[in-house]
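Work through the exercises below with the sequence and the structure at hand. Each task is followed by a solution in steps.

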Amino acid sequence: MRTMTEPRAAKINNVDEIIAGLGDVGYITSRQIATAIFVAQNLTKPILVEGSAGVGKTELALSTAAWLDLPLIRMQCYEGLDESKALYEWKYGKQLLYTQILKDKMGDVLGDTPSLDAAMTKLQGFGDLFFSEQFLEPRPLLRALRQEHGAVLLIDEIDKSDEEFEAFLLEILSAFQVTIPEIGTIKSTVPPIVFLTSNNMREMGDALKRRCLHLYIPLPDARLEEQIVAARVPDIEVKLRRKLVAFVQMLREQDLKKLPSISETLDWARVLLLLHADDLAPDLIRDTLNVLLKFEQDIHAVRPQIAEMTRKARQAGDRGYAATS
Amino acid sequence: MQRPLENFFRALRAADIRVSPAESIDAHRTVDLVGYADRQLFKDALCVALAKTPDEVASYNDCFEMFFAREEFSADDGTGNRQPPERADSDAAFGEELGNVPLAEMLLAGDGSEMAAAMEQSANRVGATEIRYFSQRGYFARRILDDMGLRDLEKLIAQLRRGGTGDDGGDDSGDATDLAQRLEQGRRFLLDESRQFVERQYELYARSNGEALREEFLMETRMSNLEQRDFARMHNIVRRMAKRLASRYSRRRKHTRRGQLDVRRTMRRNMPHDGIPFEVLWKHIKIERPKIVVICDVSRSVAAAARFLLLFLYSLNEVIAQLQAYAFSDRLVDVGDILEHHDVETAIPEIMAKIGFRSTDYGQALDDYEENFMADLDRHTTVIILGDGRSNFTDPRIDIMRRLHDRSRAVIWLNPEPETFWGTGDSEMPRYRQFCHVAKTCSTVMHLERVIDDILRSYARA
């Protein structure tokens, strides 16, 4: 069990602390998200984070690591990822190289052995040598387990990996240990905080879901989004911020192929800042719309309405918090 | 608190959220952690532990609100009958009788939350949360009340009505009738409350059950017998099935078989290292993308089945990139475009208007196919023919069928008729069957799913 001397355990006592702590490192979170981290931390369970691209799933893990001052170990999943790339691998080349060198020394080593049996016994010692820590190449998962003070392990886009890989993760996610046949079972002293992110490319298996807490991050409402923009792009002027958030919120009500998410809003805010814009104008929006919308059809669909939407967004900006009509 | 939580899990299960024993343990631990004091925290924390998809989160929220929304017994709903009776000073005279009937005491005490709690306990004892069918509501309402001691209450009321308690009779008979009246009001109030309570249990635990039963039934109904009003529901079922299959087969174009050394490639690759195997290559399996040709009979007898087959296949478009669809009754046309550009709801009537409902001629249709589209066929293609094989005694063109069989990877014939009908009347099925790799009866969506699953799996294995 964990002791109170660890920095991390002492840090998470209630949900408000999490909100404040993540806020300090620039991640504005809703209560649900903070609750999820709180529960995950106390039950030592991984969190499966879902939500559309750009709502800050990966960022959540990064910020948690930054806040708790833990090393972040990130594993990007892709099709064909297997345990040799995720967990550990024997340094095959090194082993081979060593055997080649050893080949020349073989005569010296075995020179005075009287019988074949004695030679075998002598060689067996070398065999074990080749499958020791020295030749072990730890990959992200193993590294995360071996961190002495815990770590934040981010398994990114788990939905892109194969089903077999998902099954293989189960042991690690539930017991925080792995078994390497030649060495034995490695168990983590301090279980890492695990985030798995998914874009819902495919349904995750039930077994995996069962072992994880599930967190769905929706697109933020105007109030939260404004806070996020304020935290991330602090230089932007208050009124403009309000207006641009209102505009993005309006965009999200359209029938678009890809709705702009937080990362797009932030990009756009940065672009506006860069252009020294001090107010939203239809022309300006028209020129920078490609920052928000990533499909030609979407841009086409929105373009005729820009003037109207700009007007509304400006009104909203003057009124106070952005309205979601 | 164990019991309510367990009941909550059951309500969640009824709402289609899977709560396994392991999850319920997690939930208990979560509750231990966060406690009950902060409702929002309690809700969010349980949500994180139990709901595993965005859909489930939505149903969780609904379910949570409904489950934990039991207010106290409401005093007044405007009509005035739903009101617990009040205690009168004269009641003291009946202390002994009332003492024997705790329910009456409780009614007179008028503590809504106490009554609600008592009702819940009784409901638990009689198993009201086990309710499954709409028709059970009256039964459970009665049983709850019986458990709460309604019979004793009724006896007491009758006794009071007869005029006092017998032995000391006389002067307090007026008070007795008054009390009887008030208790009667309480009884009606209880009846009302229990009915509402059971109603809520039904909503929580059983309603989706009915929906599930309905869907199960639809899946096994012959497609030709489906009624118009079920089509919307069927579309949903079919889409879900397609999604299930899609998630099973859409990924993994390549499948590594780690552990099996590809000796040939390893040796070749390591020639420069003097044959010392520095780089090791492993065997892997490639999974082909399915290529499917569908030929649908859309004459009246098969139209319903055709509609679902097409819907099914187009819902699978993530998996089946190359789908060609043709429909015929006497002449055969390419309907891929229509299906691609319209919703299935509008596309099917359009196809039917174009070529449906005419007399069937399989020979002509096959001839059309060979002339116009046969060139696309190769050994990676699976041909699915959906039809009853009834060709109005025209030339069945078995020769084309043979060529179809020879050129394609597999020919699968799905026939909505049961096998015993094949070969009767104008059915050419036995002759066509010779040239099919698989010929099956396919009359329900369940069959459909199974067949398509088999086809996709065969591609995965190759």
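A nonpolar core is a set of buried Ala, Val, Leu, Ile, Met, Phe, Trp, Tyr and Cys residues joined through C-beta atoms within 7 Å. The model used here is predicted.

**Exercise 1. The nonpolar cores**

Find which residues of the largest nonpolar core touch the most other members, and which helix gives the core its largest share.

Solution.
Step 1. The largest nonpolar core has 125 residues, and Ile47(A), Leu213(A), Leu215(A), Leu12(B) and Leu50(B) touch the most other members.
Step 2. Helix H10 of chain B, residues 173-205, provides the largest share of this core, with nine residues.
Step 3. Another core lies apart from that one and holds 58 residues, including Ala347(B), Leu377(B), Cys442(B) and Ile452(B).
Step 4. Take Leu215(A) from the first step: leaving out residues up to four places away in sequence, Leu215(A) touches Ile33(A), Ala36(A), Ile47(A), Leu48(A), Val49(A) and Val48(B).

**Exercise 2. The strands around E7(B)**

State why strand E7 of chain B can be called largely enclosed by the rest of the structure. Then list the strands that pair with E6(B) and E7(B) in the steps below.

Solution.
Step 1. A residue counts as buried if 20 or more other C-beta atoms lie within 10 Å of its own.
Step 2. E7(B) covers residues 410-415, and five of these six residues are buried, so the strand is largely enclosed by the rest of the structure.
Step 3. Strand E6(B), residues 381-386, runs parallel to E7(B) and is joined to it by five bridges. Val383(B) is opposite Val411(B) in this pair.
Step 4. Between E6(B) and E7(B) the chain passes through helix H18(B), residues 398-407, in a right-handed β-α-β crossover.
Step 5. On to the next partner: E7(B) is joined by four bridges to strand E8(B), residues 438-441, and these two also run parallel. Here Ile412(B) stands opposite Val438(B).
Step 6. E6(B) is mostly covered too, with five of its six residues buried. Strand E3(B), residues 291-297, pairs with E6(B) in the parallel sense over six bridges.
Step 7. Leu386(B) in E6(B) stands opposite Cys296(B), and its bridge partner in E7(B) is Leu414(B).

**Exercise 3. The contact between the chains**

How many residues does the contact take from chain A and from chain B? Describe the side of chain A that touches chain B.

Solution.
Step 1. Chain A puts 24 residues into the contact and chain B puts in 27 residues.
Step 2. On the side of chain A, helix H3 (31-43), helix H6 (92-110), helix H10 (206-211) and strand E9 (213-216) each supply at least two residues.
Step 3. H3(A) gives the most to this side, with seven residues.
Step 4. The residues of chain A that touch chain B divide into nine nonpolar, six polar and nine charged.

**Exercise 4. Each chain as a whole**

Give the confidence for chain A and the make-up of chain B.

Solution.
Step 1. The average pLDDT of chain A is 84, and 94% of the residues score at least 70.
Step 2. Residues 1-10 of chain A have a pLDDT below 50; this stretch has 10 contacts in the model beyond near neighbours in sequence.
Step 3. Chain B has 20 helices and eight strands. Of its 462 residues, 35% count as buried.

How values were computed
Residues numbered from 1 in each chain as written. Chains lettered and ligands numbered in written order. Predicted model: local features only at pLDDT ≥ 70, side-chain atom pairs only at ≥ 80, totals over all residues. Buried ≥ 20, exposed ≤ 12 C-beta atoms within 10 Å, placed from the backbone. Pairing = 2+ DSSP bridges. Right-handed = clockwise from strand over helix to strand, strands pointing away. Contact = placed C-beta atoms within 7 Å. Nonpolar A, V, L, I, M, F, W, Y, C, P; charged D, E, K, R; others polar. pLDDT = per-residue confidence, 0-100.
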